[in-house]
Amino acid sequence: GAKADTVQQLEKRGCAVTLVPANVTAEAVAALSPDGVVITNGAENPADYRAVADEIAKLLEDKHLPMMGIGLGHQLIAVSQGASVAKLPCGHRGGNQPIEDVKTGSCGITSQNHGYEVDKDSLPENASLRYINRNDGSCEGVDYLDMPVFSVQFQPAMTGGIHGGAKIGTHTLFDRFTALMGGNKECR
């Protein structure tokens, strides 16, 4: 489910990107010795991917591997840490979904295509709600406090975002991810 623009945004920041299938094991990913891992998009129901969430949990056991989740990846990271996911009454579709960074108060318009959300009330103690949808208050992003991991429900690569001022420039999430990897311009 990785979007081409996601790969391009990482390569633009000096990353050598290796794509692996959703059914890859944590052991196989660890054998690649990655500087970081991006868990990307996928099909609708996260309940269909419990085995993937279990492998993500294994990857995060040492709490040192930088990880970014996007879309379904956001949901699966949350599930891997004990959160639950619920079906939205009305899915978020299109390139006009408003979000708010609850840490800074800044807002932006994002591209989304999903029918499920991470239940913000089920977030574990090591997780902090970072972004909400301004239309319905649903969870749009999570920061993990005890490891270099964050995730977002929206598509940071597929939106122009709103750049400058107090607004969210969603492409900067890729800068944040590469910074978690030590800013290594030759990241794997």
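Which helices and strands each supply at least two residues of the lining of the largest pocket? In this predicted model, the contributors are helix H1, strand E1 (37-39), helix H3 and helix H4 (72-80). Of these, H3 gives the most, with four residues. The largest pocket holds about 830 Å³ of space, and its lining comprises 36 residues. Lying nearest the centre are Thr 18, Val 20, Val 37, Val 38 and Ile 39. By residue class, the lining divides into 27 nonpolar, seven polar and two charged residues.

The second largest pocket encloses about 250 Å³ and is lined by 15 residues. Here Asn 41, Gly 42, Asn 113, His 114 and Gln 155 lie nearest the centre. Helix H4 and strand E4 (107-118) each supply at least two lining residues, and E4 provides the largest share, namely four. The lining of this second pocket consists of ten polar, three nonpolar and two charged residues.

Attention now turns to the charged side chains. Across the whole structure, a search finds eight salt bridges. One of them joins Asp 175 to Arg 13, with an N to O distance of 2.6 Å. This pair links distant parts of the chain, 162 residues apart: Asp 175 belongs to helix H5 (residues 172-180), while Arg 13 sits in the loop between helix H1 (4-12) and helix H2 (26-31). The two partners also differ in exposure, since Asp 175 is partly exposed at 37% relative accessible area, whereas Arg 13 is buried at 10%.

A salt bridge within one helix is formed by Asp 54 and Arg 50, whose closest N and O atoms are 2.9 Å apart. Both residues lie in helix H3 (residues 50-59), four residues apart, or about one turn of the helix. Asp 54 is partly exposed, with 33% relative accessibility, and Arg 50 is likewise partly exposed, at 43%.

Between strands, Arg 130 and Asp 101 form a further salt bridge, with 2.8 Å separating the closest N and O atoms. Because Arg 130 lies in strand E5 (residues 127-133) and Asp 101 in strand E3 (residues 85-101), the pair ties together parts that are 29 residues apart in sequence. Arg 130 has a relative accessible area of 12% and is therefore buried, and Asp 101 is buried as well, at 4%. The contacts of these two residues extend further, as Asp 101, Arg 130, Asp 143 and Arg 176 are linked in a network of salt bridges.

Note on methods
Residues are numbered from 1 along each chain as its sequence is written. This is a predicted model: local features need pLDDT of at least 70, side-chain atom pairs count only at pLDDT 80 or more; totals for chains, interfaces and linings use all residues. Side-chain values use heavy atoms; hydrogens and water are left out. A salt bridge is a side-chain nitrogen of Lys or Arg within 4 Å of a carboxyl oxygen of Asp or Glu. Buried means under 20% relative accessible area, exposed over 50%, partly exposed in between (1.4 Å probe, protein chains only). On a 1 Å grid over the protein atoms alone, a cavity is a set of points where a 1.4 Å probe fits but cannot get out, and a pocket is an open set with protein on both sides within 12 Å along at least five of seven lines; lining residues have an atom within 4 Å of a point. Grid points are joined across faces, edges and corners, and a volume is the space filled by probe spheres set on the points. Ala, Val, Leu, Ile, Met, Phe, Trp, Tyr, Cys and Pro count as nonpolar, Asp, Glu, Lys and Arg as charged, and the others, Gly among them, as polar.
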